[in-house]
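Hi,

Here is the structure I promised to pass on. Have a look at it first, and my notes follow below.

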Amino acid sequence: AMSALLASTFVVLLLPSRAPAHSPLLPIRSQPQARGRLRSATPVACVRTLTTMSFRKDDPPEIAVPTVSLTKSRDGTTGTATFRFDSASALELDNVWENGLLTGLWLHDEEGVLHTADLNVVFERGRPVQMVAILVLKSVEEWQRFLRFMERYAAANELEFESAAATAAAADASAVSTSPSAAAEGVGS
């Protein structure tokens, strides 16, 4: 009776210390051994779905926040999202030896999973310095799904969207000359 009770209870474990402080707890089901003792915990479905990115399907969330660049076709049906991680945990020494091979970029949220296997590592002086993943969006539905994921990810990580047009306009505005001769030329036109 006691082992049946243990098999149906949940133990709550914290994410690894490198996870952000705002990460919620994940429920873990403990499996009893033959003698009725608890052995290592195995993950089960989360009570609350996280909006996360990782480099292996079942990895803890990546703590490095990427720079994301978006491109879209002229007709708006296809596009790409390029993720650049400058200090990803997967670039740490011995990460592949301890955790296994990288299988791509996994984007998890309440709607499911988006995945790309198009993952590259940028090296400088023989050391990995950046991870680059490219997610190809082949339809309007995939594009909308990706945008919903990014809205959730931005909200969870206190990020905001900055369009390239707004960035270019701000750069142009700061580059305008305010010298007296330029102001006089602008008044006379």
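**The core and the sheet**

This is a predicted model, so please read everything below with that in mind. I started with the largest nonpolar core, which has 22 residues; the ones that touch the most other members are Met53, Phe83, Phe85, Leu107 and Phe146. Two or more residues each come from β6 (79-85), β7, β10 (127-137) and α3. Of these, α3 gives the largest share, at five residues.

Phe85 deserves a click of its own. Leaving aside residues up to four places away in sequence, Phe85 touches Met53, Phe55, Glu62, Ala64, Pro66, Leu91, Leu105, Val129, Gln130 and Met131. So you'll find Met53 both in that contact list and among the core residues that touch the most other members.

Now the sheet. It is an open one, made of three strands in the order β4-β7-β8, with antiparallel pairing. β4 (52-54) and β8 (112-116) are at the edges and have a single partner strand each, so one side of each has no neighbour in the sheet. From one strand to the next, the twist averages 20 degrees.

If you want to check the pairing by eye, go to β7 (residues 105-109) and β8: they run antiparallel and share five bridges. A handy place to begin is His108, whose bridge partner in β8 is Val113.

Then there is the helix, α3 (residues 140-156). This helix packs on the sheet and touches β4, β7 and β8, with its direction at about 75 degrees to that of β7.

Over to you!

Cheers

Technical notes
Residues are numbered from 1 along each chain as its sequence is written. This is a predicted model: local features need pLDDT of at least 70, side-chain atom pairs count only at pLDDT 80 or more; totals for chains, interfaces and linings use all residues. Side-chain values use heavy atoms; hydrogens and water are left out. Two strands pair if DSSP finds at least two bridges between them. Helices (H or I, at least four residues) and strands (E, at least two) are DSSP runs, numbered from the N terminus. Axes are lines fitted to C-alpha atoms, for helices over the stretch in contact, and angles run from 0 to 180 degrees between N-to-C directions. Contact means heavy atoms within 4.5 Å. A nonpolar core is a set of buried Ala, Val, Leu, Ile, Met, Phe, Trp, Tyr and Cys residues joined through side-chain atoms within 4.5 Å. Buried means under 20% relative accessible area, exposed over 50%, partly exposed in between (1.4 Å probe, protein chains only).
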